[in-house]
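Student: I should like to learn how a ligand site and a domain interface are read from a structure. May we work through one example together?

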Amino acid sequence: MPVTCVVGAQWGDEGKARIVDLLSGDADLVVRYQGGANTGHTVVVNGKTVKLHLIPVGVLREGCVSVVGNGCVLDLKVLFEELEMLARSGYPVDPARLRVSDRAHLVLPYHRALDAAYESARGAGRIGTTGRGIGPCYSDKVAYKGIRVCDLFDDPSLEARVLSNCEEKNRHLGALGAPPVDAAAALADLRASRDRVAPFVEDTAAFLRDAIAAGSRLLCEGAQAVLLDVDHGTYPYVSASNASVLGVPAGSGIPPRAITRIVCVAKAYATRVGEGPFPSEETGAEGQRIRERGREFGTTTGRPRRCGWFDAVAARYSVSLCDADEIALTKLDILAGMERLRICTAYDIGGRRVDRLPADVGSLRAAKPVWKDFPGFEGDLSGCRNIADLPAGARAFVDAIEREAGAPVRLVSVGADRAQYLTR
Ligand code: IMP
């Protein structure tokens, strides 16, 4: 602290929420700066699992204020469902503990409809989106057609813009063979949400700068990951926001110079959900074993995740781009009992050794991993609380990841519960 950023170093699902939850014990505010309800953040507190898509994980810490920043895209229906779920789970959220940016863009029904229609039109070239309307909502933002939270409170303008957007989107949907959205219903839903969301709305960028000036400790909670970042990821197989640490200032209003600590979260293996190149993918029995042991199924969509070995080329890229101070390594326990462990240390592309992540999908698809193999380790790691408690094979694997990825591994998680981790 005072401003710590936690970002994913792979293709998402690294266990960022688990690390944010841990670090939020020392935070006053937890800030989401990008993404929307495509996110699936799972935290296990005292054996109880809570899944969040939109609201920052800080909401699970009493005394912590959660902020949904201007860079997020907000689906009000999901927001209200999540607030209700939290209240039912024993975490009621009053508006003082959740501030929502007046500048965040709203996800409307036509965004979801277009997301589905574009995906089906892409056919074999589909991205494998979560279907939450994320890409179309960010597209409208940069095409100057977005509807923001603050627009809810100017009714004549809201009506004109929603109706005109619906008309335009329905033309697109029609051309794609998809049914139109109901403009009147979309407008009525927004009007009905207005009073409910109003108490949460804030100029969060100013709020955060004031908090920094007052000495508050901030934790920025990245969603998705560097390799899904729209500018720096494996484009076009990415999400539509700046998920790397570079998105923090733009998506929250936190001044770049205020950031003091950058943590890249990586799993001890790799997964990817949706389409796109994945050089270290393991489609055989070892991948299947990782999927089952690691329960690698999407939190948002339930899709089985593609599994593979730790890709040091990708991790190095993320660590370097984010200028990470450290790595938090998750799910090491899942690898116990595997006969051998692998790290992809470089790519072989057309007979050439490549140490850096190429920009184009063609090269990534052609990339064959250059493997480094390690003997497996045995045992239940979930009780380990010191690095010395880990089996020698696990320690050697962590050392290798640290060496290959280019930043110290300071935290290792060995189970889903809050307490199941060790520091080094
Ligand atoms: P979208 O964000 O729904 O547009 O999906 C674009 C790509 O990002 C797809 O490959 C999704 O599977 C992936 N994606 C989006 N959010 C997450 C996430 O939270 N974890 C992992 N993958 C994600």
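Tutor: We shall take the ligand site and then the domains of this predicted model.

Student: Which residues come nearest to the ligand?

Tutor: The shell around the ligand holds 17 residues, and Asn38, Thr130, Ser239, Val273 and Arg303 come nearest. Sorted by class, this shell has five nonpolar, 10 polar and two charged residues.

Student: Which polar atoms lie opposite those of the ligand, and at what distance?

Tutor: Each such pair is read with its distance and with the part of the residue that supplies the atom. In the side chain of Asp13, an N or O atom is 3.1 Å from a nitrogen atom of the ligand. Asn38 places a polar side-chain atom 2.9 Å from a ligand oxygen atom. At Val273 a polar backbone atom is 2.9 Å from an oxygen atom of the ligand.

Student: How much of the ligand does the protein bury?

Tutor: The ligand taken alone exposes 470 Å², and the protein buries 96% of that.

Student: How is the protein divided into domains?

Tutor: Domain 1 comprises two segments, 3-103 and 200-263, while domain 2 covers 105-197 and domain 3 covers 266-423. Between the C-alpha centres of domain 2 and domain 3 the distance is 37 Å. Six residues from domain 2 and five residues from domain 3 take part in their contact.

Student: How is the size of an interface expressed?

Tutor: Often it is given as the accessible area that is lost when the parts come together. For domain 2 and domain 3 the buried area is about 430 Å², with carbon and sulfur atoms giving 44% of it.

Student: Which interactions cross the interface of domain 2 and domain 3?

Tutor: One salt bridge is found across this interface, together with three residue pairs in polar contact. On the side of domain 2 that touches domain 3 there are one nonpolar, three polar and two charged residues.

Student: Which side chains meet Glu275 in a salt bridge?

Tutor: The side chain of Arg126 does, with an N to O distance of 3.5 Å.

How values were computed. Residues are numbered from 1 along each chain as its sequence is written. This is a predicted model: local features need pLDDT of at least 70, side-chain atom pairs count only at pLDDT 80 or more; totals for chains, interfaces and linings use all residues. Side-chain values use heavy atoms; hydrogens and water are left out. A residue is near a molecule or strand if one of its heavy atoms lies within 4 Å of it. A polar contact is a pair of N or O atoms within 3.5 Å; within protein, one must be able to donate a hydrogen and the other to accept it, and residues adjacent in sequence count only if both atoms are side-chain atoms. Accessible areas come from the Shrake-Rupley method with a 1.4 Å probe; for residues, only the protein chains shown count as cover. Ala, Val, Leu, Ile, Met, Phe, Trp, Tyr, Cys and Pro count as nonpolar, Asp, Glu, Lys and Arg as charged, and the others, Gly among them, as polar. Domain bounds come from an automatic or database domain assignment. Contact means heavy atoms within 4.5 Å. Buried area is the accessible area (1.4 Å probe) that two parts lose on being put together, summed over both. A salt bridge is a side-chain nitrogen of Lys or Arg within 4 Å of a carboxyl oxygen of Asp or Glu.
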